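Thanks, everyone, for making the time. I would like to walk through one model with you, going from a single side chain out to the core and then to the surface.

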Amino acid sequence: MNLLLLKQLSILSAFAGAILGAITIIPYISLLTFLIAVTCLSAFVLAYLKQNDLIGIISIKEGCIFGAVIGFVSFIAFSIVYTPISMLLGWLIPSYTQGFLRFFLTGGFGSLVVMILLMIFMAGISAMFNGVAGVITAYVYEVITGLKKENGENNSIDFEIK
């Protein structure tokens, strides 16, 4: 397992999760961006890395691990960005319907602990869904490279830095 690649995936997925967290504030596209963050963000990140030749051929096991790391880190970053903005808007604009998180901090320290535990639990669920999306992405790329090998067109870059 390439630890440098895992660090790069963590940074890229945290950046993508933070962007999705900021975009989720917009009411009409909030459900779509939330579902992308929870279910299939790893497919987009792995496809981006593959298109720019930043990763080589990955196995299905690596696809699962990379997808789970991407899912967990991106949802934590998503929560870190989305939660304070949503609470602030909920306090400032009473009719802001996504400001439901403002009720967690009015109950004291116990509500804050429950909110943090819910974020970690959802990050675990996101890791599982994104692990499956990473497996599917790795399998699709494995099939595509297998077809290229049959045609003699395999020009992929696969290297490890040690």
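Let me begin with the side chain of Ser126, where a polar atom lies 3.4 Å from the backbone oxygen of Ala37, and where the side chain also reaches the backbone oxygen of Gly71, at 3.1 Å. Please keep in mind throughout that this is a predicted model. Ser126 belongs to helix α5, and because its relative accessibility is 0%, with buried meaning under 20%, the residue counts as buried. If we set aside the neighbours within four places in sequence, Ser126 is in contact with Ala37, Val38, Gly71 and Phe75.

Turning to the interior, the largest nonpolar core has 22 residues, and those with the most contacts inside it include Leu46, Ile58 and Phe66. Helices α1, α2, α3 and α5 are the elements that give two or more residues to this core, and the largest share, six residues, comes from α2. Ile58, again leaving aside neighbours within four places in sequence, is in contact with Leu46, Gly63, Phe66 and Ala138.

What, then, forms the nonpolar patch on the surface? It is made up of Ile60, Val132, Ile136, Tyr139, Val140, Val143 and Ile144, which together have about 580 Å² of accessible area. Helix α5, spanning residues 109-151, gives the most to this patch, with six residues. Val143, which also lies in helix α5, counts as partly exposed because its relative accessibility is 37%, whereas Ser126 of that helix, at 0%, is buried.

Note on methods:
Residues numbered from 1 in each chain as written. Predicted model: local features only at pLDDT ≥ 70, side-chain atom pairs only at ≥ 80, totals over all residues. Heavy atoms only, no water. Patch = residues over 30% accessible without salt bridge, like charges linked within 9 Å, V, L, I, M, F, W, Y side chains within 5 Å. Areas by Shrake-Rupley, 256 points an atom, 1.4 Å probe, with all protein chains shown as cover. Salt bridge = Lys/Arg side-chain N within 4 Å of Asp/Glu carboxyl O. Helix = DSSP H or I, 4+ residues; strand = E, 2+ residues; numbered from the N terminus. Buried < 20%, exposed > 50% of the residue type's maximum accessible area, 1.4 Å probe, protein only. Polar contact = N/O pair within 3.5 Å; in protein donor to acceptor, adjacent residues only side chain to side chain. Contact = heavy atoms within 4.5 Å. Core = buried A, V, L, I, M, F, W, Y, C linked by side-chain atoms within 4.5 Å.
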